[in-house]
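Reader: Could you take me through this model and say how each label is earned? I would like the cut-offs next to the values.

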Amino acid sequence: MKLENYEVHLPSYSIGDKIYDKIGPVCESYGKTVLVIGGKRALPVYQEADMVFGVGSGFMTPLISVLIILGAVSTAVNMVAAMVKRICNGIEKIENKDKKEEKNQQAAEGKPVVRTVIAALICCLVDFGIAQFGLLTLIQKAYSALAYLAIPVILIPYIIHMIVTRFDTK
């Protein structure tokens, strides 16, 4: 069978030798940005058709990449700073007031307290570990552990309560 003047339109893909000519009219109502996944034959057709790739013109792609990296770094820095502050404040509440005043004086002079540096390193290592193992995997494991923990914490006391109260039939 020869594919000249032959077209098949299916929900997930289309077949035909002139099918790329139909992309404009079919996709026009969906917008102007398109993600193209194709081979050596498909990609030049999109480029010749002056289709918009990604964020727009060529100079914006590196700019967007830099802004995404800066946003991720600033988010990470702020998260670690907040974690360090909470950890150090919690430890200082436990210690007596004399040492706290001394450390406040060091912090006011701009000298980082050793505890702050150690807490920041630990937070960075924990964050790195979470990134390596995958947050979704860790959440999945934690929820399965919580489900097993619910048996002795919730289910067994409830069953004992039902037995002791004779199913509240008294």
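Author: Gladly; what follows goes from the overall fold to one helix, its cysteines and the core.

Author: This is a predicted model, in which local features need pLDDT of at least 70 and side-chain atom pairs count only at pLDDT 80 or more, while totals for chains, interfaces and linings use all residues. Residues are numbered from 1 along each chain as its sequence is written, and side-chain values use heavy atoms, with hydrogens and water left out.

Reader: What makes up the fold, and in which pattern?

Author: The protein has six helices and four strands, and along the sequence they follow β-β-α-β-α-β-α-α-α-α. Helices (H or I, at least four residues) and strands (E, at least two) are DSSP runs, numbered from the N terminus. The accessible surface comes to about 14,400 Å², of which carbon and sulfur atoms hold 66%; such areas come from the Shrake-Rupley method with a 1.4 Å probe, and for residues only the protein chains shown count as cover.

Reader: How do you know that the length of helix H5 agrees with its number of residues?

Author: The expected span is 1.5 Å times one less than the number of residues. H5 has 20 residues (114–133), so it should span 28 Å, and its end C-alpha atoms are 29 Å apart, which agrees. Just after H5, Gly134 takes a positive phi of about 90 degrees.

Reader: Which residues of H5 are buried, and why are they said to line one face?

Author: Buried means under 20% relative accessible area, exposed over 50%, and partly exposed in between (1.4 Å probe, protein chains only). In H5 the buried residues are Arg115, Ala119, Cys123, Asp127 and Gly129. Seen down the axis, they fall within an arc of 155 degrees, so they line one face of the helix; the arc is that of the directions from the helix axis to the C-beta atoms. On the other side, Val114, Leu121, Leu125, Phe128, Ala131 and Gln132 are exposed.

Reader: Why is Leu121 called exposed?

Author: Its relative accessible area is 54%, and exposed means over 50%, so Leu121 earns the label. Leu121 is 41 residues from Val80 in sequence, with their C-alpha atoms 9.2 Å apart in space.

Reader: And what makes Val113 buried or exposed?

Author: Val113 lies in the loop between helix H4 (97–108) and H5. At 12% relative accessibility, Val113 is under the 20% limit and therefore counts as buried.

Reader: How do you know that Cys123 is in no disulfide?

Author: In general, a disulfide is a covalent bond between the sulfur atoms of two cysteines. Here the test is a pair of cysteine sulfur atoms within 2.5 Å, and a search of the whole structure finds zero disulfides. For Cys123, the nearest cysteine sulfur, that of Cys124, is 7.0 Å away. From the side of Cys124, the closest cysteine sulfur is likewise in Cys123, too far for a bond.

Reader: Why do Cys123 and Cys124 get their burial labels?

Author: Cys123 has a relative accessible area of 2%, so it is buried. Cys124, at 40%, lies between the two limits and therefore counts as partly exposed.

Reader: What makes up the largest nonpolar core?

Author: A nonpolar core is a set of buried Ala, Val, Leu, Ile, Met, Phe, Trp, Tyr and Cys residues joined through side-chain atoms within 4.5 Å. The largest one has five residues: Val80, Val84, Cys88, Ala119 and Cys123. Helix H3 (60–94) and H5 each supply at least two of them, and H3 gives the largest share, three residues.

Reader: Which residues does Ala119 contact?

Author: Contact means heavy atoms within 4.5 Å. Leaving aside neighbours within four places in sequence, Ala119 is in contact with Val84, Ile87 and Cys88.
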